[in-house]
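Me: Could you walk me through how to read a few features of a structure like this one? I work at the bench, so plain cut-offs would help.

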Amino acid sequence: MKTPEERVRQLPQLMRLLALLAVAVALWAVVVLVQLYGPPAPAPVVAADEAHEGPPPPGSYHRPATPAPDTATIPRTAAGREIRYGRELVARTAAYLGPQGRVGHYTNGMNCQNCHLQAGTQGFANNYLAVAATYPKLRARSGTVEGIEKRVADCMERSLNGRAVPASSREMRAIVAYIRWLGTGIPKGKKVYGTGFVKLPYLARAADPRIGQAVFATKCQSCHGPEGQGQALADGRGYQYPPLWGPASYNDGAGLFRVSSFARYVKAAMPFGASFDHPQLTDAQAWDVAAFVNSQPRPHLPTPHDWPDISKKPVDHPFGPYADNFPATQHKFGPFQPIEDAHPQLRPR
Ligand code: HEC
Ligand code: HEC
């Protein structure tokens, strides 16, 4: 038992302990307050470093893309032979329709499959699964109702920088037969999951060709070549690696010439081997490399009749006139959100 005197003697020690505790609490409070209200950490500098970021973690998409029907089910009939020929034309277009094509010279040395991966069946790599169910449809680019033939002809004239085979030709009928067969069992009007491109959030800044150049050097150049010229096949009938710019590439009237289309395509498809559920580029890398590639020289296609209603032009259509006062460079590289906000009717539904 402690006497009352002993307790009194211990008092200063207790006070010291309490004082120490109070100081500790005060210090902790200062640290917390500085974190909450102190000067913000400096914003990360947008530097070429962004170009060298590692791949994003996979698995943001858990749902498999709608599969194409099995080619083994193509019937062994005349109709089946036409479908198979259509598939062959999509996969090896240049061998039939390219500069040395055995049918004739209609298109450049590229194949439909260069952009519509795996003969137009790979999920979110620009596949054709929705085409049979959604065409004919009104397209704002032409302002007219387009059938599948017109849409294929468009890609021959723009993406393949050539001229279209006639609508009545064996080749056009075969390509359309193949595209229709891919839509087997898909109800009219339904856009199945996995068609077209992935959604890609806008960057808060403009896409930057200088950062994109560094992305190109580290992630694309090994296949597509230092001048983006690609790598031709030994027999000259097409490419091992298709060109990304220059005289043998898609022209400036093509869908890929829009920075958003290019970015959304490569996000889910490039470098070759990437897929929508295992992308290899960050969102920023996809936007910046799109800005770089689409700043390089390529064939020009005059398209004075495109977008007859200018208020329907996509936010990133790179050619005026525009229904707003945003500068042309912002329409090409962004930032796109302010443009979209000014045109609610353009917001994707
Ligand atoms: C350089 C790349 C490229 C090549 C080569 C290419 N296309 Fe395309 N194609 C695109 C892009 C990009 C789109 C989507 C464009 C858009 O809607 O803005 C598209 C869209 C289409 C569509 C409409 C798809 C839909 O769901 O609405 C069809 C059909 C099509 N292409 C067929 C073909 C055929 C057939 C060939 C070969 C003769 C071909 N394309 C070659 C890039 C290409
Ligand atoms: C490992 C080789 C390889 C790498 C690396 C690669 N690609 Fe490709 N790329 C290909 C091949 C092969 C095709 C054609 C696919 C086919 O025909 O099946 C292609 C097609 C394309 C196309 C459509 C056709 C065209 O030429 O316009 C674009 C666009 C493209 N690549 C962009 C890129 C970008 C951007 C990068 C870097 C981020 C990249 N690629 C990295 C091999 C590669």
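Reply: Happy to. Let's begin with helix packing: axes are lines fitted to C-alpha atoms, for helices over the stretch in contact, and angles run from 0 to 180 degrees between N-to-C directions. Helices (H or I, at least four residues) and strands (E, at least two) are DSSP runs, numbered from the N terminus. Here the axes of α8 and α11 cross at roughly 100 degrees and come within 7 Å. That makes α8 roughly perpendicular to α11 (under 35 degrees is roughly parallel, over 145 roughly antiparallel, 65 to 115 roughly perpendicular, the rest oblique).

Me: Which residues of α8 and α11 meet?

Reply: Two residues are in contact if their C-beta atoms, placed from the backbone, lie within 7 Å. On the α8 side, P209, I211, G212, Q213, V215 and F216 take part, and they meet α11 residues including V289 and A290.

Me: How far should I trust the model?

Reply: This is a predicted model, in which local features need pLDDT of at least 70, side-chain atom pairs count only at pLDDT 80 or more, and totals for chains, interfaces and linings use all residues. Residues are numbered from 1 along each chain as its sequence is written, and chains are lettered from A and ligands numbered from 1 in the order in which they are written. pLDDT is the predictor's confidence in each residue, from 0 to 100. The chain has a mean of 90, with 89% of its residues at 70 or more. Over residues 43-48, though, pLDDT stays under 50.

Me: What is the largest nonpolar core made of?

Reply: In soluble globular proteins, nonpolar side chains tend to be buried together. A nonpolar core is a set of buried Ala, Val, Leu, Ile, Met, Phe, Trp, Tyr and Cys residues joined through C-beta atoms within 7 Å. Buried means 20 or more other C-beta atoms within 10 Å of a residue's own; 12 or fewer is exposed, and in between is partly exposed, with C-beta atoms placed from the backbone. The largest core here has 70 residues, and I175, V266, V289 and A290 have the most contacts inside it. Helices that each supply at least two of its residues include α8, α10 and α11.

Me: Is α10 enclosed or open?

Reply: Eleven of its eleven residues are buried, so α10 is largely enclosed by the rest of the structure. Its cover includes α4, α11 and α12. Within α10, V266 touches L281, A286, V289 and A290, leaving out residues up to four places away in sequence.

Me: Where is there a cis peptide bond?

Reply: One joins M270 and P271, with omega about -10 degrees. P271 sits in the loop between α10 and α11.
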